[in-house]
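The following explanation leads through one protein structure, moving between individual residues and the overall fold. The sequence and the model are shown first.

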Amino acid sequence: MTSTSWAAFQSAEPDFAETVRARFGLYKHHVLATLRKDGSPRVTGLEVDFRFGELWLGMMPNSRKALDLRRDPRFAVQANPGPDDTMADADVRISGRAVEETDPGILARFVEEAKPPEPFHLFRTELTEVVRTGLKGEELIIQTWRPGAPLRTLHRGNDDSTPREAT
């Protein structure tokens with residue numbers, strides 16, 4: 001599957017990227033899904049950081065999620081769903097691959113600007129899909145973006161009818 005940087009996503013779909021970034025900015029903690037050694041999912045909390053044209057995932061040294069990503073870089077991170085069931089701010093998820101950053105210059109720059117607790121693992125993300133799901137009246141509005149493809153918007157009713165694409 002094709003992947004891309006946050007900056008490339010932002011360049012391709014600036015309004016959607018800003019909506020996604022703002023949604024993550026509403027809360028400090030979010031939910032990360034990784035794959036365990038046996039292939040089963042692991043879900044844990046973490047903070048995300050948008051900096052230097054990248055989406056970064058930082059974590060404690062040798063945490064299970066860091067070890068998961070070192071072994072299998074596939075991930076999904078979901079923005080904190082918020083305090084209730086209204087979905088007022090919609091649901092946002094980013095999927096992709098996480099690449100551990102080891103360049104001393106980039107790590108030093110990150111430490112200088114973000115001031116994370118040290119030591120830490122830092123992973124740069126390569127996006128494969130960004131999804132936003134919200135409500136408009138009785139319909140689900142699903143926006144999906146993948147590298148190399150335009151933003152798609154689907155409307156889905158509360159029945160078994162086929163979702164329709166916005167034109």
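Which residues does Phe 123 touch, not counting residues up to four places away in sequence? In this predicted model, the partners of Phe 123 come from several stretches of the chain: Leu 55, Trp 56, Leu 57 and Met 59, then Ala 66, Leu 69 and Arg 70, and finally Ala 98, Val 99, Glu 100 and Glu 101. Phe 123 itself belongs to strand E7, which spans residues 121-136. With a relative accessible area of 1%, Phe 123 falls under the 20% limit and therefore counts as buried. Gly 157 follows 34 residues further along the chain, and the C-alpha atoms of Phe 123 and Gly 157 are separated by 38 Å.

The fold as a whole gives these residues their setting. The protein contains 4 helices and 10 strands, and along the sequence these elements are arranged as α-α-β-β-β-β-α-β-β-α-β-β-β-β. The radius of gyration is 17 Å, close to the 15 Å that the globule rule gives for 167 residues, so the protein is as compact as a globular protein of that length. Along the principal axes, the C-alpha atoms fill a box of roughly 50 × 35 × 30 Å.

Burial and contacts can be considered for the whole chain as well. Of the 167 residues, 38% are buried. When contacts between residues at least 6 apart in sequence are considered, 56% of them join residues at least 24 apart. The accessible surface amounts to about 9600 Å², and carbon and sulfur atoms account for 50% of that area. As for charge, the protein carries 23 positive and 26 negative charges, whose mean positions lie 5 Å apart.

Helix H4, covering residues 104-114, can be examined at both ends. At its start, a side-chain oxygen of Asp 103 comes to within 2.9 Å of the backbone nitrogen of Gly 105. After the helix comes Lys 115, which has a positive phi, near 55 degrees.

A second buried position is found in strand E9, residues 152-156, where His 155 is located. Its relative accessible area is 16%, and because the limit for burial is 20%, His 155 is classed as buried. The side chain of His 155 forms a polar contact of 3.3 Å with the side chain of Glu 139. Neighbours within four places in sequence aside, the contacts of His 155 comprise Glu 139, Leu 140 and Ile 141, together with Pro 163, Arg 164 and Ala 166.

Key: Residues numbered from 1 in each chain as written. Predicted model: local features only at pLDDT ≥ 70, side-chain atom pairs only at ≥ 80, totals over all residues. Heavy atoms only, no water. Polar contact = N/O pair within 3.5 Å; in protein donor to acceptor, adjacent residues only side chain to side chain. Helix = DSSP H or I, 4+ residues; strand = E, 2+ residues; numbered from the N terminus. Rg over C-alpha atoms; globule rule 2.2 N^0.38 Å. Buried < 20%, exposed > 50% of the residue type's maximum accessible area, 1.4 Å probe, protein only. Contact = heavy atoms within 4.5 Å. Areas by Shrake-Rupley, 256 points an atom, 1.4 Å probe, with all protein chains shown as cover. Lys, Arg positive; Asp, Glu negative; His and termini not counted. Charge placed at Lys NZ, Arg CZ, Asp CG, Glu CD.
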